[in-house]
Amino acid sequence: MKELEEKLGYTFKNKELLSLALTHSSYANEKGKHQNNERLEFLGDSVLGFITAEYLFKAMPGTPEGELTKLRAAAVCEKSLAKFAEKIDLGKYIKLGKGELMSGGSERPSIVSDAFESVIAAIYLDGGIASARKFVLRFIKTAEMDVSLVTDYKTKLQEVVQRNPDEHLSYVLAAESGPAHDKTFTVEVYLNSNCISTGIGHSKKKAEQEAAKEALILMGIKL
């Protein structure tokens, strides 16, 4: 823990938060524990998005909203987060189940990127937004924001739906299957109360992107 804290540049008051942030579902299931880092990942995703949006807003005055959205997506995509995690060797510290460990889970982009977001949430809960911002900006300020590498179907779908203020878009996790080290997620996209498409992926984020992509195709939107 101390070694990782040095790499993070942050010392936790509540060490359990950091331990939880590093607990993958495969490890929790194997050990018969109820808690893993998925809830922290959910929170960390939002904290990361806010800090990145705030940074871009201040650093790039006059840049249109659409361009800022694309830059944020490029900065916080799975590929970028995996690179950030690699800089601090985060995979080395993630607690994985035996199957996940044997299959190279500590280097899998989806796992290390999720853990990175979980660590952000842990820092936020332990030290507040200022501490989280200090940590995140170490990476965001040097991120390669190549929008050509990112196809953010969720943002594109949101932009289409926002043309009608009465329409509301939501994503629902419909199912998950498979062993802890190789899960498959099914996500449904709802427009108001109607399911308009479904996506499948080996992470919830990928499934959401696939669902949004399918919705755009069904709407006849050029990708």
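In the predicted model, D89 adopts a positive phi of about 55 degrees just after helix α6. Helix α6 itself spans residues 78-87, and its buried residues are S80, L81, A82, F84 and A85. These buried residues pack against three other helices, namely α4 (38-59), α5 (65-75) and α8 (109-140).

Two of these packing partners of α6, α4 and α8, also meet one another. Their axes come within 6 Å and cross at roughly 15 degrees. Because angles under 35 degrees count as roughly parallel, α4 is described as roughly parallel to α8. The crossing in which α4 passes α8 is left-handed. Sorted by class, the residues in the contact of α4 with α8 comprise 17 nonpolar, three polar and six charged.

Aromatic pairs were searched for across the whole structure, and six were found. In one of them, the ring centres of F84 and F116 lie 5.7 Å apart with the planes at 50 degrees, so this pair is tilted. The pair connects distant parts of the chain, since F84 belongs to helix α6 and F116 to helix α8, with their positions 32 residues apart. Both F84 and F116 are buried.

F116 also pairs with F135. The arrangement of F116 and F135 is again tilted, with 5.5 Å from centre to centre and 35 degrees between the planes. F135, like F116, is buried. Ring pairs join F84, F116, F135 and F139 into a cluster. Helix α6 thus contributes F84 both to its set of buried residues and to this aromatic cluster.

Conventions:
Residues are numbered from 1 along each chain as its sequence is written. This is a predicted model: local features need pLDDT of at least 70, side-chain atom pairs count only at pLDDT 80 or more; totals for chains, interfaces and linings use all residues. Side-chain values use heavy atoms; hydrogens and water are left out. Buried means under 20% relative accessible area, exposed over 50%, partly exposed in between (1.4 Å probe, protein chains only). Helices (H or I, at least four residues) and strands (E, at least two) are DSSP runs, numbered from the N terminus. Contact means heavy atoms within 4.5 Å. Axes are lines fitted to C-alpha atoms, for helices over the stretch in contact, and angles run from 0 to 180 degrees between N-to-C directions. Angles under 35 degrees count as roughly parallel, over 145 as roughly antiparallel, 65 to 115 as roughly perpendicular and the rest as oblique. A crossing is left-handed if the near helix is turned anticlockwise from the far one by less than a right angle, and right-handed if clockwise. Ala, Val, Leu, Ile, Met, Phe, Trp, Tyr, Cys and Pro count as nonpolar, Asp, Glu, Lys and Arg as charged, and the others, Gly among them, as polar. Rings of Phe, Tyr and Trp (its six-membered ring) pair if their centres lie within 6.5 Å; planes under 30 degrees apart count as stacked, over 60 as edge-to-face and the rest as tilted.
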